[in-house]
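Here are a few short exercises on aromatic rings and their neighbours. Have a go at each one before you read its solution.

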Amino acid sequence: SRYKPVMNKVSVVIVCPALADANNGNWQTAWRWQRMLAPDYRTRIVRAWPDGDAAAQDTVMIALHARRSAASIAAWAQARPGRGLIVALTGTDLYRDIQTDATAQQSLALAQRLVVLQERGPDALPAALRAKARVIFQSTAGRQPLPKTSRHLRAVMVGHLREEKSPQTLMEAARLLKNESGIRIDHIGAALDPALGNAARATAAECPNYRWLGGLPHEAVRRRIQRAHVLVHASRMEGGAHVIMEAVTCGTPVLASRVAGNVGMLGEDYAGYFPHGDAVALADRLRRCATQPSNPPADVPSEYLRQLRNQCAARAALFDPIAEQGHLHRLIQEILENP
């Protein structure tokens with residue numbers, strides 16, 4: 001390993017409330033961090049701690065989710081007071097639970113370090129706790145852009161249909177654009193809320209340029225992102241969206257709701273924001289992406305779309321796996337040397 005070796009392989013336990021069968025963002029993070037730490041540390045992922053005899057050997061805990069892992073966090077703090085406890089905060093932690101939930105608030109107080117997944121995350125913490133926060137951007141392997149059609153603008157939104165993802169904003173924008181054949185919208189995600197599934201079907205019936213594709217395998221989703229001209233991300237709250245980094249690292253720019261979690265991923269000065277829930281503004285941004293310069297070759301993007309591509313390209317290095325692995329190893333070394 002190119003990182004500082006640790007004698008006798010310190011044991012790091014990762015607590016993840018959702019395990020592999022859920023295959024959600026928390027699980028993906030836990031699995032990636034386990035692989036990144038494995039060369040230098042004994043690592044395992046558990047749903048709850050302590051988990052039997054192996055728990056006695058653990059020196060460091062990384063707990064994903066302040067509220068849902070609160071019982072494991074409290075058990076660790078009782079067994080090893082004041083040392084070795086890292087709590088990684090999700091979007092629902094930062095932008096909902098820590099304001100109102102006593103167990104989530106206790107998790108923040110007990111931790112020696114707090115991990116947030118984008119650069120605006122520390123702002124959501126109580127001022128007294130910000131010194132414990134470390135920003136670790138999540139990562140994904142970069143991909144080459146795939147060929148994109150020159151016949152129309154292809155926009156894609158990825159996210160299961162649930163209220164936090166604000167899918168109705170995209171559906172309302174599709175209605176506003178339904179007579180504009182130069183803009184096509186693909187919407188990917190399973191209907192976790194049946195009412196939103198019904199709304200997606202109704203939108204597709206009314207709007208020839210909108211398709212709801214339901215849930216798709218991850219590889220198929222990534223290829224559709226690679227082939228799209230732009231990704232739409234309309235969420236109400238985000239901790240640090242995987243799908244944004246997947247788009248940015250394959251050269252597909254993003255139109256995103258201006259909420260803290262998205263600004264922390266794309267930067268304060270990014271030109272592709274729209275106000276959360278504002279379908280009129282989203283439709284306007286999509287039109288600007290589709291507008292061709294005068295007398296262009298068919299495959300020349302609009303000036304606005306080129307601006308978004310360039311801004312996203314400048315952020316792509318933040319989401320590099322080597323960078324994430326380095327930050328993660330430095331965090332473990334820091335908590336071992338300076339608890």
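A charge sits over a ring if NZ of Lys or CZ of Arg is within 6 Å of the ring centre and within 35 degrees of the ring normal. Keep in mind that this is a predicted model.

**Exercise 1.** Find what sits over the ring of Tyr304, and then do likewise for Trp31.

Solution. Start with Tyr304: the charged end of Arg288 lies over its ring, 3.8 Å from the centre. Now go to Trp31, where the charged end of Arg35 is over the ring at 3.7 Å from the centre.

**Exercise 2.** Work out how the rings of Trp49 and Trp76 are arranged: stacked, edge-to-face or tilted?

Solution. First, the count of aromatic pairs comes to three. In the pair of Trp49 and Trp76, the ring centres are 5.0 Å apart and the planes meet at 55°. Stacked needs under 30 degrees and edge-to-face over 60, so this pair is tilted. Next, place the partners: Trp49 is in the loop between strands S2 and S3, while Trp76 belongs to helix H2, 27 residues apart. Last, check burial: Trp49 has 7% relative accessibility and counts as buried, and Trp76 is buried too, at 0%.

**Exercise 3.** Say where Phe137 and Phe319 are in the chain, and whether each is buried or exposed.

Solution. These two form an edge-to-face pair, 5.6 Å centre to centre with 75° between the planes. Phe137 is in the loop between strands S6 and S7, and Phe319 in the loop between helices H11 and H12, 182 residues apart. Buried means under 20% relative accessible area, so Phe137 at 10% counts as buried, and so does Phe319 at 0%.

Terms used: Residues are numbered from 1 along each chain as its sequence is written. This is a predicted model: local features need pLDDT of at least 70, side-chain atom pairs count only at pLDDT 80 or more; totals for chains, interfaces and linings use all residues. Side-chain values use heavy atoms; hydrogens and water are left out. Rings of Phe, Tyr and Trp (its six-membered ring) pair if their centres lie within 6.5 Å; planes under 30 degrees apart count as stacked, over 60 as edge-to-face and the rest as tilted. Helices (H or I, at least four residues) and strands (E, at least two) are DSSP runs, numbered from the N terminus. Buried means under 20% relative accessible area, exposed over 50%, partly exposed in between (1.4 Å probe, protein chains only).
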